[in-house]
Amino acid sequence: MTKPIESQELMLLLLLITVILGSLTLLFITLQLYGTLQKLINPAQESKPTRSRWERFTDLKPLALEKDLQMAHAYDNIIELNNATPPWFMFLFYGTIGFGIIYGVVYHVAGNGQIMLNEYTQEAAVADKVREEYLTKAANAINENNVLALNDVAALTEGQKVFTQNCAACHGQKGEGGVGPNLTDNYWLHGGGIKNVFHIVSEGVAEKGMISWKKSLNPMQIQKVSSFILTLKGTNPPNAKAPQGTLENTLAVK
Ligand code: HEC
């Protein structure tokens, strides 16, 4: 994924390229003019042996000139030659400086470069979105026909959180009952087991004061809180409300 370049940044980039190309053209023209001028002023120069482009590029000196290049010192008859750094190397060297400047401006000053941090942030954002979509899809795939009771600690802890926030007001902090029935005994008004509990929590019993939670909780949250409720069975909290409904037939309940 690449960040779309905004038009303002694009303009800046184009301007930069134009300035660079313009400067190079100007430099080229100046050098040409300078060369022509030199020839006009000092025509003798033309008689100098001309060197090929390659020779100028490498700046290799013919062996015949070795004498002129010798430096004043000699150790054990080893003589050092004063060879200039070859132009091709200097060309690369200055090239890296030029590249560095352009890179710095484009990536850091104009700010539209994909530096590592930008790339990371963007990819992380995309991954977050994908993850969120996946979770929503997974959550919405749960319904009262396929729901299973969860028993892992993380899910039950979340279920307990949902319970404390939304349900404890009517069913008691420990599920002992209040306005709503006791959820810790073996008696159920609407049947025990994860599928029945999931159904009641999603749909509610409007006429009896039990809210339908499917609008405010997603199916995964309902699954978690329902699983948590099932773990309350037999906890015998203080001030428990008297059993209501029918005794759960543990064999019949799925
Ligand atoms: C406004 C009070 C209220 C709130 C809040 C409430 N309930 Fe209830 N709940 C009730 C009442 C009242 C009933 C009894 C319905 C009936 O008589 O049919 C009930 C019934 C139930 C039942 C069926 C019990 C049985 O014996 O079959 C379950 C399960 C349940 N609630 C779970 C929850 C969960 C989970 C939450 C929170 C997400 C919750 N309730 C929030 C009032 C509430």
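Reading from the N terminus, the order of elements in this protein is α-α-α-β-β-α-α-α-α-β-α-α-β. That makes nine helices and four strands. Please keep in mind that this is a predicted model.

On overall shape: the radius of gyration is 41 Å, whereas the globule rule gives 18 Å for 254 residues, so the protein is more spread out than a compact globule. Along the principal axes, the C-alpha trace spans about 120 × 55 × 30 Å. How many of the 254 residues count as buried? The figure is 13%. As for contacts between residues at least 6 apart in sequence, 72% of them join residues at least 24 apart.

Now the ligand. Which residues are closest to it? They are Cys-167, Cys-170, Gly-180, Lys-208 and Met-210, out of 23 residues that surround the ligand. Three elements give two or more residues each to this shell: helix H7, residues 168-171, helix H8, residues 193-203, and helix H9, residues 219-230. Sorted by class, the shell holds 16 nonpolar residues, six polar ones and one charged one.

Helix H9 also brings me to a helix pair. Its partner is helix H6, residues 153-166, and the two pack at an angle of about 95° with their axes 7 Å apart. Angles from 65 to 115 degrees count as roughly perpendicular, and H6 and H9 are therefore roughly perpendicular to each other. What makes the contact? From H6 there are Ala-155, Leu-156, Glu-158, Gly-159, Gln-160, Val-162 and Phe-163. From H9 there are Gln-221, Lys-224, Val-225, Ser-227 and Phe-228. By class, the contact of H6 with H9 has six nonpolar, four polar and two charged residues.

Next, a few single residues, beginning with Leu-16. This leucine is found in helix H1, residues 7-41. Is Leu-16 buried or partly exposed? Leu-16 has 15 other C-beta atoms within 10 Å, and a residue needs 20 or more to count as buried, so Leu-16 is partly exposed. Val-105 is 89 residues away from Leu-16 along the chain, yet the C-alpha atoms of Leu-16 and Val-105 are separated by 8.9 Å.

Last, backbone angles. Most residues other than glycine have a negative phi. Two residues here go the other way, and I will take them in turn.

Asp-59 is not a glycine, but its phi is positive, at about 55°. Where is Asp-59? Its place is the loop between helix H2, residues 53-58, and helix H3, residues 66-69. Asp-59 counts as partly exposed, because it has 15 C-beta neighbours inside 10 Å.

Asn-236 has a phi near 45°, again a positive value in a residue other than glycine. Asn-236 lies in the loop between H9 and strand S4, residues 246-247. Why does Asn-236 count as exposed? Because Asn-236 has 11 C-beta neighbours inside 10 Å, and the cut-off for exposed is 12 or fewer.

To recap: the protein is more spread out than a compact globule, the ligand has 23 residues around it, and H6 and H9 are roughly perpendicular to each other.

Note on methods: Residues numbered from 1 in each chain as written. Predicted model: local features only at pLDDT ≥ 70, side-chain atom pairs only at ≥ 80, totals over all residues. Near = placed C-beta within 6 Å. Nonpolar A, V, L, I, M, F, W, Y, C, P; charged D, E, K, R; others polar. Rg over C-alpha atoms; globule rule 2.2 N^0.38 Å. Contact = placed C-beta atoms within 7 Å. Axes fitted to C-alpha atoms, helices over the stretch in contact; angles between N-to-C directions. Parallel < 35°, antiparallel > 145°, perpendicular 65-115°, else oblique.
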